[in-house]
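Got your viewer open? Let's take a short walk through this one, one selection at a time.

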Amino acid sequence: MTRLSLTARMSLMFMLAVAAVLSVAALSFYRLSQHHFVMLDHQVLQEKLASTRAILRDAPAGTSLEQLQPQLSALLGAHHDLTAVILAADGRVVFADPGGSASRRTFAPTRKTRPGSGRASGACTAASARPSRRRGRPNR
């Protein structure tokens, strides 16, 4: 069996080293970009949750939940990949966008219902911290 020349062996070692470095760089870039998009999604969900709590908290005392529907629909219904459900303290659905019947993760209630006010603040819920598809990237 003939041995490869020194030039051929060095070329193969260089090629393997370059392939390994590029593979590690590609995997690192992929993981860091996925982490970045997850953090952006988390930030958007936290902002939506804070805005929803502010709408429920700052509504005048005589305001019914039906009067808050346009604000909540504009805030929570604008994203096709976000499912939101707002529950009253007794578990009754106060607001649900069209996809609101999906399984959900419950966040802590913002405050208790005021006696005699007829308003329920309830628990804010979100279907998932990770939207199904967004900006052309798969759910992870």
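Where is serine 51 found? Select the residue and you'll land in helix H1. Keep in mind as you go that this is a predicted model.

Now colour serine 51 by accessibility. Serine 51 counts as partly exposed because its relative accessible area is 32%. Next, add leucine 75 to the selection. Leucine 75 sits 24 residues away from serine 51 in sequence, and the C-alpha to C-alpha distance between the two is 8.0 Å.

Time to bring up the helices around that pair. Select residues 6–58 for H1 and residues 65–76 for H2: their axes come within 11 Å of each other and cross at roughly 165 degrees. An angle over 145 degrees counts as roughly antiparallel, so that is how H1 runs relative to H2. The crossing itself is right-handed.

Show side chains where the two helices meet. On the H1 side, pick Lys48, Ser51, Thr52, Ile55 and Leu56. On the H2 side, pick Leu65, Leu68, Gln71, Leu72, Leu75 and Leu76. What kinds of residues make up this contact of H1 with H2? Seven are nonpolar, three are polar and one is charged.

Stay with H2 and look down its axis. Which residues of H2 are buried? They are Leu65, Leu68, Leu72, Leu75 and Leu76. These leucines cover an arc of only 70 degrees around the axis, so they lie on the same side of H2. Spin to the other side of H2 and you'll find Glu66, Gln67, Pro70 and Ala74 exposed.

What do the buried residues of H2 pack against? Part of the answer is H1, already on screen; the rest is strand S1 (84–87) and strand S2 (93–96), so select those too.

Finally, zoom out and show the whole cartoon. You should count two helices and four strands, arranged along the sequence as α-α-β-β-β-β. Colour everything by burial and 29% of the 140 residues come up as buried. For a last stop, try a contact map: taking contacts between residues at least 6 apart in sequence, 50% of them join residues at least 24 apart.

How values were computed. Residues are numbered from 1 along each chain as its sequence is written. This is a predicted model: local features need pLDDT of at least 70, side-chain atom pairs count only at pLDDT 80 or more; totals for chains, interfaces and linings use all residues. Side-chain values use heavy atoms; hydrogens and water are left out. Axes are lines fitted to C-alpha atoms, for helices over the stretch in contact, and angles run from 0 to 180 degrees between N-to-C directions. Angles under 35 degrees count as roughly parallel, over 145 as roughly antiparallel, 65 to 115 as roughly perpendicular and the rest as oblique. A crossing is left-handed if the near helix is turned anticlockwise from the far one by less than a right angle, and right-handed if clockwise. Contact means heavy atoms within 4.5 Å. Ala, Val, Leu, Ile, Met, Phe, Trp, Tyr, Cys and Pro count as nonpolar, Asp, Glu, Lys and Arg as charged, and the others, Gly among them, as polar. Buried means under 20% relative accessible area, exposed over 50%, partly exposed in between (1.4 Å probe, protein chains only). The arc is that of the directions from the helix axis to the C-beta atoms.
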